[in-house]
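Student: I'd love to go through this fold with you, one pairing at a time. Could we look at it together?

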Amino acid sequence: MKLSERLRAAEDKVEASSGPGENLGLGGFAAAQGGPKPTFAESTQQARPNPAGKPSGAAKPHTSVKLSDLPDSPKLRAQQPVDAFAALKQRAATALFERLGARFNDSSVSEQELRSTAREELIRIIDAEQVPLSADERSRLVADVADDVLGYGPLQRLLDDPEVTEIMVNRMDQIYVERKGKLTLTDSGFSSEDHLRRVIERIVSKVGRRIDESSPLVDARLEDGSRVNAVIPPLAVGGSSLTIRKFSKIPLTVRNLIDFGTLTPEMAELLNACVKAKLNIIVSGGTGTGKTTLLNVLSSFIPEDNRIVTIEDAVELQIQQQHVVRLESRPPNTEGKGEVTIRELLRNSLRMRPDRIVVGEVRGGESLDMLQAMNTGHDGSLSTVHSNSPRDAVARLETLVLMAGMDLPLRAIREQIASAVNLIIQISRLRDGTRRITHVTEVQGMEGDIVTLQDAFVFDYSAGVDAHGMFLGRPVPTGIRPRFIDRFDDLGIRVSPGVFAAPLATAERT
């Protein structure tokens, strides 16, 4: 028999035996099933404030009106088992807070110890309720309450699911997830708007950020680096909104990207050589295309003896080398002071003797400082920018430099870009949900007032799609040998001759 059916049958049994006006509810039902032992709900009944403001006097038994006394009784009766289970969860969570409240804020207690202790206490609390639960139902109840108290409520199971790559909470009762590039609506939800707000505040407070009516939107991150954006009313009209872009607990490698079809072995060989040759590389792409993931993979090619300084709005990069300094910007405090911008961090990083500067993303005036750093001896720098093609990336950098507030002529800006940036890697999310590198483009220099670009690899759309709508194409070389190959020769870096062979030329040789 299902839990809801057992709860309903037991409720009816207790209601029939208790007489008129003595429906005991879930707490009374538990006592009736297990004897006179008081439940947690009964033991805390005395502590509840008297609505009339009068002294409560002697403790009174936990009573409630019968369902038959309420309007629309059949509808309420159908909802009662669900409500009873939710009430049990609420009482268990409240009891856990009362018993372990001080330990939740004890920094000397590790997260693992706290979770272990909380689970033991939860088992005792549930045993005291004496509600007939199967082993699976008991385990689910303990997990749900632990997630609410120690984790992120209904989001915890989605965060633990390795197939979920993005979580989108539109409002407290509507949660979408992305799996394998496709969006689906889940059956999870928050119990109330307050429940959702508590989870948002728990996330942002852990990284020193704040969210309230005076600052109703925030960018934050989880402990594993997953990116978080939250918006609350009055900006979010339909209720608080939360977006989490999950990062893999195990950083993806170049082998993973080859297996996914994001790039080819030949392209991976070229990019490895480009990073080792200290070319300045810009990863370009739209939102959610995998720019940060690709940046992580590119950074894995950096030699171990290089000193790396990373600069980000919210720490997301998963640099695997040991010699790394990670810098994170800081928003202003409640008084509007104390802000530290990406631009300030970038300027400061030049005094930190970096071999490589990795900027998570340029989205403002810091692009000018980044280009100047690339042009003044800090070769091998990596960054990302939002744009839809390599040509758009150049135009986007021009616009961002103008945001620095410097009255520079457009030709001077383009000359800076042409001399600073060596390679643009365009990554796109195709309509089948996959992320693919669509262009590997060399920045060759200036011709008149135009920055000249030359593609080394482009994605082959002409291969079409299969029966499931998946693209059959892959990035293929154009057959044009980039000019920076001469730099490889000077540094003793070798790449296979077939890396730049066009598909037709390869077919003719074989």
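Student: Over how many bridges do strand 1 and strand 6 pair?
Tutor: Keep in mind that this is a predicted model. Strand 1 and strand 6 run in the antiparallel sense, and Met-168 stands opposite Thr-243 in strand 6. The number of bridges over which strand 1 and strand 6 pair is four.

Student: Which residue in strand 2 is the bridge partner of Arg-171?
Tutor: Strand 1 (residues 164–171) is joined to strand 2 (residues 174–179) by six bridges, and the two run antiparallel. A hairpin of two residues links strand 1 to strand 2. In strand 2, the partner of Arg-171 is Gln-174.

Student: And which residue in strand 6 does Arg-227 stand opposite?
Tutor: Here we turn to strand 5 (residues 227–231), which five bridges join to strand 6 (residues 241–245). Strand 5 and strand 6 run antiparallel. Opposite Arg-227, in strand 6, stands Arg-245.

Student: Which are the edge strands of the open sheet of six strands?
Tutor: The order of this sheet is 3-2-1-6-5-4, with antiparallel pairing, and its twist averages 15° from one strand to the next. An edge strand here pairs on one side only. That description fits strand 3 (182–185) and strand 4 (217–221).

Student: Let's move to the other sheet. Which strands does helix 11 touch as it packs there?
Tutor: This open sheet has nine strands in the order 9-8-10-11-7-12-13-14-15, with mixed pairing. Its edge strands are strand 9 (324–328) and strand 15 (475–477), and the twist averages 30° from one strand to the next. Helix 11 (residues 291–299) packs on the sheet with its direction at about 165° to that of strand 11, and the strands touched are 7, 10, 11, 12 and 13.

Student: At the edge of that sheet, which residue in strand 15 does Val-458 stand opposite?
Tutor: Strand 14 (residues 450–459) pairs with strand 15 in the antiparallel sense, over three bridges. Opposite Val-458, in strand 15, is Val-476.

Student: Now the helices: why is helix 13 oblique to helix 15?
Tutor: Helix 13 (residues 366–375) and helix 15 (residues 410–420) have axes 9 Å apart and pack at an angle of about 50°. Because 65 to 115 degrees counts as roughly perpendicular and under 35 as roughly parallel, this angle makes helix 13 oblique to helix 15. The value behind that label is about 50°.

Student: By class, which residues make up the contact of helix 13 with helix 15?
Tutor: Helix 13 passes helix 15 in a left-handed crossing. Leu-371, Gln-372, Met-374 and Asn-375 in helix 13 meet Gln-416, Ile-417, Ser-419 and Ala-420 in helix 15. By class, that contact holds four nonpolar, four polar and no charged residues.

Student: How many charged residues are in the contact of helix 14 with helix 15?
Tutor: Helix 14 (residues 390–402) packs on helix 15 at about 120°, with axes 10 Å apart, and the crossing is right-handed. Val-394, Leu-397, Glu-398, Val-401 and Leu-402 in helix 14 meet Leu-410, Ile-413, Arg-414 and Ile-417 in helix 15. Seven of the contact residues are nonpolar and none is polar, while the number of charged residues is two.

Student: To finish, how far apart are the closest N and O atoms of Arg-255 and Asp-259?
Tutor: Both residues lie in helix 9 (residues 254–260), four residues apart, about one turn of the helix. Arg-255 forms a salt bridge with Asp-259, and a search of the whole structure finds 21 salt bridges. For Arg-255 and Asp-259, the closest N and O atoms are apart by 3.4 Å.

How values were computed. Residues are numbered from 1 along each chain as its sequence is written. This is a predicted model: local features need pLDDT of at least 70, side-chain atom pairs count only at pLDDT 80 or more; totals for chains, interfaces and linings use all residues. Side-chain values use heavy atoms; hydrogens and water are left out. Two strands pair if DSSP finds at least two bridges between them. Axes are lines fitted to C-alpha atoms, for helices over the stretch in contact, and angles run from 0 to 180 degrees between N-to-C directions. Angles under 35 degrees count as roughly parallel, over 145 as roughly antiparallel, 65 to 115 as roughly perpendicular and the rest as oblique. A crossing is left-handed if the near helix is turned anticlockwise from the far one by less than a right angle, and right-handed if clockwise. Contact means heavy atoms within 4.5 Å. Ala, Val, Leu, Ile, Met, Phe, Trp, Tyr, Cys and Pro count as nonpolar, Asp, Glu, Lys and Arg as charged, and the others, Gly among them, as polar. A salt bridge is a side-chain nitrogen of Lys or Arg within 4 Å of a carboxyl oxygen of Asp or Glu.
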